[in-house]
Amino acid sequence: MAKLYFYYGAMGSSKSANALMVDYNYQERGQNALLCKTGTDTRDGSKVIHSRIGLSKECMLLSDVCMLSDQQLTEYDAIICDEAQFATTEQIDFLAHCVDYLNIPVLCYGLRTDFQMNFFEGSARLMAVADDIREIKTVCWCGRKALCNARYNEHGIIREGSQIYLGANDSYIALCRKHFLEGKLTSDDPGDAARHQQISLEELQEEDQ
Ligand SMILES: [Zn+2]
């Protein structure tokens with residue numbers, strides 16, 4: 001039985017890399033996954049999924065996927081959607097339709113919340129309707145799990161503004177809730193931060209086993 005999955009994580013938690021690896025796994029098994037992303041995030045300017053570690057692959061836009069007929073969709077063994085936080089409620093419901101009526105597994109990757117710790121539309125809908133919700137973890141500079149995507153500039157953390165701020169991937173940092181609320185973007189001792197990150201990632205992984 002197919003399922004609708006939501007893999008969520010803060011910025012820098014390797015969501016795109018995970019999406020691309022899952023796509024590769026399907027390919028390796030001789031299966032055909034439909035790789036797509038939402039159109040709102042156009043920082044690449046093209047229909048390509050990029051990950052920070054250097055992997056990238058061409059994909060469709062989710063808005064075009066939603067125009068496909070059931071017959072066209074059944075040619076695929078799975079649908080993989082990156083940047084799913086930017087999907088509309090209707091688009092997520094369309095993906096749920098693919099799961100329920102066409103028996104196609106759908107794997108969505110995205111952020112849970114925006115720079116003010118509010119849900120994105122796509123994430124809220126996925127949290128509500130997904131069969132399986134899993135966290136992709138990353139850590140704050142202090143070593144705690146990063147929950148928040150802080151937007152910042154040279155003056156520090158930014159609390160006001162529009163939800164989507166395009167083309168500024170490097171103006172976000174993943175922080176734990178405490179340091180998000182304090183607006184503390186880095187440790188006073190950089191060596192400390194590196195040590196904490198190393199230890200904490202190992203601990204977070206052990207927690208999962
Ligand atoms: Zn922290």
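**Strands, helices and two loop residues**

Q: In which strand does Leu34 lie?
A: The model is predicted: local features need pLDDT of at least 70, side-chain atom pairs count only at pLDDT 80 or more, and totals for chains, interfaces and linings use all residues. Residue numbers start from 1 along each chain as its sequence is written. Helices (H or I, at least four residues) and strands (E, at least two) are DSSP runs numbered from the N terminus. Leu34 lies in strand β2.

Q: Is Leu34 buried or exposed?
A: A residue counts as buried if 20 or more other C-beta atoms lie within 10 Å of its own, as exposed if 12 or fewer do, and as partly exposed in between, with C-beta atoms placed from the backbone. Leu34 has 22 other C-beta atoms within 10 Å, so Leu34 is buried.

Q: Which residues does Leu34 touch, not counting those up to four places away in sequence?
A: Two residues are in contact if their C-beta atoms, placed from the backbone, lie within 7 Å. A separate figure, taken C-alpha to C-alpha, puts Leu34 and Ile80 6.1 Å apart in space, although 46 residues apart in sequence. With residues up to four places away left out, Leu34 touches Met60, Val65, Tyr76 and Ile79.

Q: What is the strand order of the open sheet of six strands?
A: Strands pair if DSSP finds at least two bridges between them. The pairing in this sheet is parallel. Its edge strands, each paired on one side only, are β5 (60-61) and β8 (132-135). The order of the six strands is β5-β2-β6-β7-β1-β8.

Q: Why is β1 described as largely enclosed by the rest of the structure?
A: Leu4, Phe6 and Tyr8 on one side of β1 are buried, as are Tyr5 and Tyr7 on the other, so that both faces are covered. In a regular strand the side chains alternate between the two faces of the sheet. The strand is largely enclosed because the buried residues of β1 number five of the five.

Q: What is the bridge partner of Phe6 in β8?
A: Strand β1 (residues 4-8) runs parallel to β8 and is joined to β8 by four bridges. One position along β1, Tyr7 stands opposite Arg134 in β8. With β7, β1 pairs in the parallel sense over five bridges, and there the partner of Phe6 is Cys108. In β8, the partner of Phe6 is Ile133.

Q: At about what angle does helix α5 run to β1?
A: Axes are lines fitted to C-alpha atoms, for helices over the stretch in contact, and angles run from 0 to 180 degrees between N-to-C directions. Helix α5 (residues 121-129) lies across β1, β7 and β8. Its angle to β1 is about 130 degrees.

Q: Within what arc do the buried residues of α5 fall?
A: The buried residues of α5 are Gly122, Ser123, Arg125 and Leu126. They line one face of the helix, because, seen down its axis, the directions from axis to C-beta atoms that define the arc span a limited range. Their cover includes β1, α4 (89-102) and β7. The arc is 165 degrees.

Q: What is the handedness of the crossing of α4 and α5?
A: The axes of α4 and α5 come within 8 Å and cross at roughly 35 degrees. A crossing is left-handed if the near helix is turned anticlockwise from the far one by less than a right angle, and right-handed if clockwise. The crossing of α4 and α5 is right-handed.

Q: Which residues of α5 meet α4?
A: On the α4 side, the residues are Thr89, Ile92 and Ala96. On the α5 side, they are Glu121, Gly122, Arg125, Leu126 and Val129.

Q: Is Asn103 buried or exposed?
A: Asn103 is in the loop between α4 and β7. Its phi is near 60 degrees, a positive value in a residue other than glycine. Most residues other than glycine have a negative phi. With 10 other C-beta atoms within 10 Å, Asn103 is exposed.

Q: In β11, what is the bridge partner of Arg151?
A: An open sheet of three strands has the order β10-β9-β11, with antiparallel pairing. β10 (156-158) and β11 (172-175) each have a single partner strand, so one side of each is left without a neighbour in the sheet. Strand β9 (residues 148-153) is joined to β11 by four bridges. The partner of Arg151 in β11 is Tyr172.
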